[in-house]
Every structure is written in structure tokens, then in C-alpha cells.
Amino acid sequence: MPHEPSRLRPAVVVEDHELFPDAYPNVLVVPLTRDEGLAHRSFAERIEPTEENGADVTCWALAHHVTSVSLRRVNTTEARITAAQLASIRKRIMISIGAA
């Protein structure tokens with residue numbers, strides 16, 4: 001395995017569950033940040049705190065930082081974004097890689 005960051009960070013899983021086989025060892029995610037300075041308006045989805053998403057402050061999903069991480073590093077939570085937010089993040093990923 002290549003070197004990975006040493007600490008866990010919040011992220012949104014953006015991978016379609018049918019994209020890869022169940023045994024695939026990685027998952028596609030978009031990191032979350034509280035730093036508005038990193039949130040390029042075309043590529044970042046604003047996430048307001050709600051009971052469902054578990055955020056305690058406003059944060060941004062950085063679609064232009066989509067990455068693959070090992071499933072061994074993923075800790076699932078009950079926190080969820082809305083289907084509309086996920087669709088928007090996926091659209092922003094496509095824009096950021098020139099596929100839209």
C-alpha cells in the first residue's frame with residue numbers, strides 16, 4: 001500500500017455501490033473541510049449542520065479533491081447527506097475533471 005495520511009478525516013463516500021465489485025479494497029470519497037478558503041465555489045458543496053448529517057458547523061465537500069482510500073481506513077457513521085447534495089457533489093466532480 002502507498003503511504004497514507006496518519007490521521008482520519010471526515011469525508012463523503014461518492015462511489016456508486018455498483019461501480020466496483022464487493023471485494024474491491026478501496027472506496028471513492030470527497031474530503032470535508034471547515035476551511036472556507038479551500039472551498040472553490042464551482043467545486044465545493046456547502047454542508048450546513050443538521051441532525052441527520054452530524055456536522056456541528058458549516059463545512060464544504062471538496063469535489064475537486066476526490067480520491068480513493070483503503071476501506072481499512074473507513075469508519076462508517078450514521079451521518080448522512082441528502083440525495084440532492086450527493087448528486088451535486090458528483091456533478092461537481094465531473095466539472096472538476098472536465099467530464100461535464
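**Figure 1. The second largest pocket and the residues around it.** In this predicted model, the second largest pocket is lined by Val-13, Glu-15, His-17, Phe-20, Pro-21, Asp-22, Tyr-24, Asn-26, Val-27 and Leu-71. How big is the volume of this second largest pocket? About 190 Å³. Sort its lining by class and you get six nonpolar, two polar and two charged residues. Glu-15 and Asp-22 are part of that lining, and so are His-17 and Asn-26.

**Figure 2. The largest pocket, seen from its centre outwards.** Now for the largest pocket, with a volume of about 1,300 Å³. Its lining takes in 35 residues. Which of them lie nearest the centre? Look for Arg-9, Pro-10, Ala-11, Val-12 and Leu-32.

**Figure 3. Who supplies the lining of the largest pocket?** Three elements each give two or more residues to the lining of the largest pocket: strand E1 (11–13), strand E2 (26–33) and strand E5 (67–70). Which one gives the most? That's E2, with five residues. As for chemistry, the lining of this pocket splits into 20 nonpolar, eight polar and seven charged residues.

**Figure 4. Inside the largest nonpolar core.** Seven residues make up this core: Val-12, Val-14, Val-30, Ala-61, Ala-63, Ile-89 and Ile-93. If you've just come from the largest pocket, you've met Val-12 already, as one of the residues nearest that pocket's centre. A bit of background helps here: in soluble globular proteins, nonpolar side chains tend to be buried together.

**Figure 5. Zooming in on Ile-93.** Ile-93 is one of the core residues, so let's see who its neighbours are. Leave out residues up to four places away in sequence, and which residues does Ile-93 touch? They are Val-14, Val-30, Ala-63 and Val-66. Val-14, Val-30 and Ala-63 belong to the largest nonpolar core too.

**Figure 6. Stepping back to the whole chain.** The protein chain has one helix and five strands, and reading along the sequence gives you the pattern β-β-β-β-β-α. Its radius of gyration is 13 Å, close to the 13 Å that the globule rule gives for 100 residues, so the chain is as compact as a globular protein of that length. The C-alpha trace spans about 35 × 30 × 25 Å along its principal axes. What share of the 100 residues is buried? The figure is 27%. And among contacts between residues at least 6 apart in sequence, 63% join residues at least 24 apart.

Note on methods: Residues numbered from 1 in each chain as written. Predicted model: local features only at pLDDT ≥ 70, side-chain atom pairs only at ≥ 80, totals over all residues. Heavy atoms only, no water. Core = buried A, V, L, I, M, F, W, Y, C linked by side-chain atoms within 4.5 Å. Buried < 20%, exposed > 50% of the residue type's maximum accessible area, 1.4 Å probe, protein only. Contact = heavy atoms within 4.5 Å. 1 Å grid on protein atoms, 1.4 Å probe; cavity = no way out; pocket = protein on both sides within 12 Å on 5 of 7 lines; lining within 4 Å. Points joined across faces, edges and corners; volume = space filled by probe spheres on them. Helix = DSSP H or I, 4+ residues; strand = E, 2+ residues; numbered from the N terminus. Nonpolar A, V, L, I, M, F, W, Y, C, P; charged D, E, K, R; others polar. Rg over C-alpha atoms; globule rule 2.2 N^0.38 Å.
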